[in-house]
Amino acid sequence: MSTTAVEAVELGKAYGKVQALAGLSFAVRPGIVFGLLGPNGAGKSTTIRILTTLSRPDRGRAAIHGIDVGEHPERVRRLIGYVPQRPGFDPVATGLENLVMQARIHGSSAKEARRCAGELLDRFGLTAAARRRAGTWSGGMQRKLDVAMGLMHRPRVLFLDEPTTGLDPQARLDLWAEIARLAREDGMTVLLTTHYLEEADHLAAQLVIVDAGRVVAAGTPDELKNGLGGDTVRVGLARPADAARARAALAAVPGVGETVSEGGSLHARVRNGAAVLPVVLSALDGAGVELVAAGVARPSLDDVYMRFAGRSFAEAEAGGKAGVGPLEVVPA
Amino acid sequence: MTALTHARLLSGRSLRTLSRQPAYLLFTLVQPMLWLLLFGQLFRRVAELPGFGTGGYLDYLTPGVVVMTAMMSAGWAGTTIVDDMERGVMDRTLISPIRRPTLVAAGLTHQALVTVVQSLIVFGTGLLAGARYHGGPLGLLTVLGCAVLLALVFASFSYAVALLVRQHEALIAISQFLVLPLAFLSSVMMAPALMPGWVSRVARFNPVDWAAVASREALQVDPNWTVVLQRTGLLAALAIVTAWLAVSSYRVHQRSL
């Protein structure tokens with residue numbers, strides 16, 4: 001058995017003139033939840049499509065448990081389960097029929113397929129609805145059905161593309177619990193993409209941050225956050241035009257490191273937030289900079305993203321460039 | 001063996017889907033009757049012209065409407081592929097162990113079954129309306145065979161177009177653009193002897209005409225089997241080519257992903 005469950009090496013792919021992947025590499029060890037975190041359009045779905053044999057890279061290579069996806073797609077398909085970003089079930093069929101179909105395609109007997117479907121329906125709390133058409137189910141139930149369909153043939157690696165997008169908070173928490181259980185109890189390797197920072201933070205044992213088709217940071221969520229060193233002081237400016245003056249004032253405060261301005265707010269890296277905050281406030285006051293908000297935060301994955309991609313996650317999602325964006329009031 | 005199981009599972013799924021859409025199912029079954037009765041009434045007196053032989057116009061028209069119905073309903077076959085793409089079912093199917101030729105074969109099996117049922121409805125409607133067919137069971141089987149082959153040709157073509165254009169609007173436009181002209185540029189409604197010269201020349205290259213000619217011939221009192229075999233041979237060859245085209249289109253589609 002290979003010690004690497006998923007390996008991507010220097011993957012590159014372009015759609016026309018759009019460079020979706022620009023040399024993306026990472027490796028996943030077996031039995032963990034691995035997160036591919038990045039804003040929309042970063043190349044996450046393209047990566048998953050290559051790893052699941054759905055599309056081919058222009059360059060680079062990828063392997064699942066040591067089996068090359070380009071050379072032996074049919075062998076890879078037996079090892080993996082895939083839950084696409086869009087729902088991938090048949091809405092006219094019942095939940096049970098969808099699951100049974102999936103298992104039978106992978107070679108189970110009718111009896112075995114029904115037994116396995118029964119187990120998964122039970123596990124995901126879908127038994128009561130099993131004989132209703134899946135098209136009539138709630139969004140949360142449909143998403144669970146999608147995940148269950150990806151599990152019917154007991155894959156060793158499960159790919160989840162944006163598993164909780166569009167779910168209400170309760171359904172999201174439910175699904176998080178199930179995903180965590182897959183790795184913890186079943187020893188499955190789960191690779192998920194997400195553009196929710198808190199999802200990656202909560203679920204992923206290891207993660208890579210993807211931006212513009214390449215990996216900009218890798219590690220456990222804690223490593224990434226601790227790697228920034230210290231806390232973040234965030235202040236919201238009453239007048240965005242004050243940004244340059246405010247940065248100059250902050251640069252003079254001892255203990256303040258790197259400062260990034262984004263729209264109407266400043267994020268400053270500091271060693272000890274609680275101690276430095278009063279000094280920062282008086283320095284800004286002295287420089288005549290008026291504030292609408294101020295606060296100290298432990299580093300978040302958003303800070304990690306900002307550090308490596310040069311812009312905040314929300315901006316990247318909106319397709320903005322570094323340093324320009326709407327006035328953002330940071331809650332203390 | 002795996003391929004057979006897959007094909008059975010997939011065509012079972014599409015028949016189930018059809019059975020759960022009663023409105024669509026009803027339309028599928030009523031449409032063939034409508035064509036026969038409509039054209040049968042509209043052109044009833046055409047048969048009085050020399051060139052149609054001795055029987056009534058319905059006798060002449062029935063095999064033509066059988067193959068025309070087969071073509072029209074198969075022309076829509078690709079819509080299920082576009083549906084699957086829009087629903088995300090396609091991605092899941094493509095990374096399953098099902099092979100591409102099996103996907104096409106399963107769809108064609110479904111279409112063949114639908115065609116047989118529709119054809120029998122047309123025959124039944126014709127009988128009730130007073131048409132009389134010769135040729136016995138062999139004649140009937142030949143007509144069903146021609147209808148199925150023509151359905152395979154158009155269904156495969158429809159799959160290929162669906163995989164390449166990926167949207168309902170374009171698929172329907174292309175299908176509509178072909179279907180009616182092909183029906184009218186054939187001997188489905190009009191005896192070959194009465195067509196303008198250029199139409200009968202074009203018809204010689206029209207698969208709808210091949211199916212119509214072979215079907216009518218098989219229902220004669222004394223069929224010319226050479227004509228029947230020639231036309232069904234052409235249809236079978238074309239069906240193989242278009243099915244191959246559909247399989248290749250899956251590969252083209254996947255390369256663009």
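**Two chains, their contacts and cores**

Colleague: How many residues of chain B are in contact with chain A, and with how many residues of chain A?
Modeller: The model is predicted. In it, the contact between the chains involves 18 residues of chain B and 21 residues of chain A.

Colleague: Which helix gives the largest share of the side of chain B that touches chain A?
Modeller: Helix H1 (2-19) and helix H5 (89-94) of chain B each supply at least two residues of that side. By composition, the side divides into 7 nonpolar, 5 polar and 6 charged residues. The largest share is 5 residues, and they come from H1(B).

Colleague: Where does the largest nonpolar core lie with respect to domain 1 and domain 2 of chain A, and why?
Modeller: This core has 145 residues, and those with the most contacts inside it are B:Val67, B:Ala147, B:Leu150 and B:Ala211. Its largest share, 18 residues, comes from helix H7 (residues 136-165) of chain B. Domain 1 (6-219) and domain 2 (225-330) of chain A both contribute residues to the core, so it lies between them.

Colleague: Which residues are in contact with B:Val67, leaving aside its neighbours within four places in sequence?
Modeller: B:Val67 is one of the residues with the most contacts inside the largest core. With neighbours within four places in sequence left aside, its contacts are B:Cys146, B:Ala147, B:Leu150, B:Val188, B:Val208, B:Ala211, B:Ala212 and B:Ser215.

Colleague: How many residues does the second, separate core have?
Modeller: Its members include A:Leu250, A:Leu266, A:Val276 and A:Leu284. The count for this second core is 14 residues.

Colleague: How many residues of domain 1 of chain A are in contact with domain 2 of chain A, and with how many residues there?
Modeller: The C-alpha centres of the two domains of chain A lie 36 Å apart. On the side of domain 1 that touches domain 2, helix H7 (197-203), strand E9 (206-211) and strand E10 (214-219) of chain A each supply at least two residues. That side divides into 7 nonpolar, 3 polar and 2 charged residues. The contact joins 12 residues of domain 1 to 11 residues of domain 2.

Colleague: What phi does A:Ala212 have?
Modeller: A:Ala212 sits in the loop between E9 and E10 of chain A. With 17 other C-beta atoms within 10 Å, A:Ala212 is partly exposed. Most residues other than glycine have a negative phi. The phi of A:Ala212 is positive, near 50°.

Colleague: Which residue in the loop between H7 and helix H8 (168-184) of chain B has a positive phi although it is not a glycine?
Modeller: The loop between H7 and helix H8 (168-184) of chain B holds a residue that is partly exposed, with 17 other C-beta atoms within 10 Å. Its phi is positive, about 60°, and the residue is B:Arg166.

Colleague: Are the buried residues of H4(A) on the same side or on opposite sides of the helix?
Modeller: Helix H4 (residues 110-123) of chain A has 14 residues and reaches 20 Å from its first C-alpha to its last, close to the 20 Å expected. Its buried residues are A:Ala113, A:Cys116, A:Ala117, A:Leu120 and A:Leu121. An α-helix has 3.6 residues a turn, so residues three or four places apart point the same way. The buried residues of H4(A) cover an arc of only 135° around the axis, which puts them on the same side.

Colleague: Which helices do the buried residues of H4(A) pack against?
Modeller: The face turned away from the buried side of H4(A) carries the exposed residues A:Lys111, A:Arg115 and A:Asp122. The buried residues of H4(A) pack against helix H3 (95-105) and helix H5 (139-151) of chain A.

Colleague: Is A:Pro87 buried or exposed, and which residues does A:Pro87 touch beyond four places in sequence?
Modeller: A:Pro87 lies in the loop between strand E6 (80-83) and H3 of chain A. Its C-beta has 22 neighbours inside 10 Å, and the cut-off for burial is 20 or more, so A:Pro87 counts as buried. A:Pro87 and A:Val147 are 60 residues apart in sequence and 9.7 Å apart in space, C-alpha to C-alpha. Not counting residues up to four places away, A:Pro87 touches A:Gln142, A:Asp146, B:Arg87 and B:Gly88.

Terms used: Residues are numbered from 1 along each chain as its sequence is written. Chains are lettered from A and ligands numbered from 1 in the order in which they are written. This is a predicted model: local features need pLDDT of at least 70, side-chain atom pairs count only at pLDDT 80 or more; totals for chains, interfaces and linings use all residues. Two residues are in contact if their C-beta atoms, placed from the backbone, lie within 7 Å. Helices (H or I, at least four residues) and strands (E, at least two) are DSSP runs, numbered from the N terminus. Ala, Val, Leu, Ile, Met, Phe, Trp, Tyr, Cys and Pro count as nonpolar, Asp, Glu, Lys and Arg as charged, and the others, Gly among them, as polar. A nonpolar core is a set of buried Ala, Val, Leu, Ile, Met, Phe, Trp, Tyr and Cys residues joined through C-beta atoms within 7 Å. A residue is buried if 20 or more other C-beta atoms lie within 10 Å of its own, exposed if 12 or fewer, and partly exposed in between; C-beta atoms are placed from the backbone. Domain bounds come from an automatic or database domain assignment. The expected span of a helix is 1.5 Å times one less than its number of residues. The arc is that of the directions from the helix axis to the C-beta atoms.
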